[in-house]
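The following exercises are to be worked with the sequence and the model at hand. Each task is followed by a solution in steps.

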Amino acid sequence: MDRIRIRGGRPLHGKIAISGAKNAALPLMAASLLTEETLILRNLPHLADIATMTHLLAQHGTEFSMAGEHPDGGHMGHVLKLRTGEITSTEAPYDIVRKMRASVLVLGPLLARRGQARVSLPGGCAIGTRPVDMHICGLETLGAEIDLDDGYIVARAPEGLQGGVVVFSQVSVGATENLLMAATLAKGDVVLENAAREPEVGDLANCLNRMGARIEGIGSDTLRIQGVDRLSGADYTVLPDRIEAATYAMAAAITGGVVELLGARPELMEAVAAALSRANVTMQPTACGVLVGAAGAGHKDSSPGDGLVGIDVTTAPYPGFPTDLQAQLMALMATATGAATITETIFENRFQHVPELMRMGADITVKGATAMVRGRGQSAGSGGGGLHGAPVMATDLRASVSLVLAGLAAEGETVINRVYHLDRGYERLEEKLSGCGADIVRLVD
Ligand code: EPZ
């Protein structure tokens, strides 16, 4: 299994091109099942999860072609053409779904277009039990009959889905996306209340409207969909990955460097920018993206953790502080001066990076859903923001990148095991970081 080795203590300087958003690309790919025409997706990131979704769609009958990168400053990623002239299978098998929970996003489109679907239950994952009850309840509200059978969701709507009002008891990105796609072909009007407002949901809705859907209220917590008889193909560009961009913003800050994030959209990262500015990290819009640096960064003798101060943050659905940045922020706070508290409200088991960061010298105490981080910055004089290199273990996508950040700041050498987690969500991470001066390599066993 591949590992990543980092020698820390080098401020990052340079430019990083931000890839298309994984969490927008996955539902957009599933949406291709809603039409027999061709959906062209541009700026697609090259990630393990994208390959898994392509594999899943292929077994539903989707034909596809992938064109390589368009080297115009790195903004435009891969171009994928998907066409499902006919849905040849309505089953999403366990062997694929167990690899990637987002596979459940084929449920709505299969049911809407073919009136039936048999989708493996995704099961729990490292960060939480993650049930799909709201997906199921929502589809039942639109008239589907749903049973659970041998670990599969078995859904039927032989007469098609009907109009209705779905009120989500909790904000769910996936349930909103599944219901949004299903509602586009429903017979009647659908209202989704307490819907997720994440930009990735908006990206999906915009693409569906370009395919001929009638969706209103995009970006708000109430989506209104007038069902139509059929959808057409479209040509759509996936929005840039705000989580990847903010991750590299924290990489710049934790190393005391200055980095420009090409293609990053500041308006998608307001909560992050607000939190980071309280920690003394500036994020300024530029003509090509966003320029990031810690206070005092770029000063010839600045070092990791310099100028960073501890802050208190609670994760929340968009436009709140994203849970997908909680682990990265914790690594940053471990090098800051003063204490920080980080409260996780979305997933019940998303502190698995804590013991690994503590192996690197971080001082963290967890009580329930809150982690208290006592920054080691005040001993920054000792370099590394007070962290030191160590062999550590990746447990999930965002936890693994928080270890990369800590390794970039730490004194000495860090070796991260099980980096396959990283490949699910970060395209060409070593290349992007070493392009800004990081000493980072992949050790291929
Ligand atoms: C999406 O997951 C993202 N994944 C996650 O990113 C992200 O952490 C999450 O949204 C929250 O922002 C993709 O977009 C592919 P949810 P999703 O449904 O849709 C509970 C990453 O690192 N819930 O919004 O699965 C659930 O257990 C990944 O890129 C129910 O109880 O998340 C959780 O506590 C990790 N019943 C909360 O809601 C349901 O039916 C939010 O989950 C559905 C969800």
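Helices and strands are DSSP runs numbered from the N terminus, with at least four residues for a helix and at least two for a strand. The model is a predicted one.

**Exercise 1. The shell around the ligand**

Task: Determine how many residues surround the ligand, and which elements give two or more residues to the shell.

Solution.
Step 1. Apply the cut-off: a residue is near the ligand if one of its heavy atoms lies within 4 Å of it. The ligand is surrounded by 21 residues, and D133, M134, S172, D324 and I346 are the closest.
Step 2. Sort the shell by class: nine residues are nonpolar, six are polar and six are charged.
Step 3. List the contacts to oxygen atoms of the ligand. The side chain of Q170 places a polar atom 3.1 Å from a ligand oxygen. A polar backbone atom of G174 is 2.8 Å from an oxygen atom of the ligand, and for a backbone N or O atom of I346 the distance to a ligand oxygen is 2.6 Å.
Step 4. Consider the area. The ligand taken alone exposes 820 Å², of which the protein buries 87%.
Step 5. Assign the elements. Two or more residues of the shell come from each of α1 (22-31), α5 (133-141), α6 (173-183) and α12 (397-409). Helix α5 gives the most, with three residues.

**Exercise 2. The pairing of β23**

Task: Establish in which sense, parallel or antiparallel, strand β23 pairs with β1 and with β22.

Solution.
Step 1. Begin with β1 (residues 3-7), which pairs with β23 (residues 413-417) in the antiparallel sense over four bridges. Within this pairing, R7 has E413 of β23 as its bridge partner.
Step 2. Turn to β22 (residues 391-393), which runs parallel to β23 and is joined to it by three bridges. Here M393 stands opposite N417 of β23.
Step 3. Add the helix: β22, α12 and β23 form a β-α-β unit that is right-handed.
Step 4. Follow the chain beyond the strand. R418 lies in the loop between β23 and α13; its phi is near 60°, a positive value in a residue other than glycine.

**Exercise 3. An aromatic pair**

Task: Classify the pair formed by the rings of Y248 and Y426, and state which parts the pair ties together.

Solution.
Step 1. Count the aromatic pairs: there is one.
Step 2. Compare the geometry with the cut-offs. The ring centres of Y248 and Y426 are 6.5 Å apart and the planes stand at 80°, so the pair is edge-to-face.
Step 3. Locate the residues. Y248 belongs to helix α8 (residues 242-255) and Y426 to the loop between α13 (420-423) and α14 (429-434), so the pair ties together parts 178 residues apart in sequence.

**Exercise 4. A cis peptide bond**

Task: Locate P319 and describe the peptide bond from Y318 to P319.

Solution.
Step 1. P319 is found in the loop between β18 (312-314) and α10 (326-334).
Step 2. The peptide bond that leads from Y318 to P319 has omega near 10° and is cis.

Technical notes
Residues are numbered from 1 along each chain as its sequence is written. This is a predicted model: local features need pLDDT of at least 70, side-chain atom pairs count only at pLDDT 80 or more; totals for chains, interfaces and linings use all residues. Side-chain values use heavy atoms; hydrogens and water are left out. A polar contact is a pair of N or O atoms within 3.5 Å; within protein, one must be able to donate a hydrogen and the other to accept it, and residues adjacent in sequence count only if both atoms are side-chain atoms. Accessible areas come from the Shrake-Rupley method with a 1.4 Å probe; for residues, only the protein chains shown count as cover. Ala, Val, Leu, Ile, Met, Phe, Trp, Tyr, Cys and Pro count as nonpolar, Asp, Glu, Lys and Arg as charged, and the others, Gly among them, as polar. Two strands pair if DSSP finds at least two bridges between them. A crossover is right-handed if, with the strands pointing away from the viewer, the path from the first strand over the helix to the second runs clockwise. Rings of Phe, Tyr and Trp (its six-membered ring) pair if their centres lie within 6.5 Å; planes under 30 degrees apart count as stacked, over 60 as edge-to-face and the rest as tilted.
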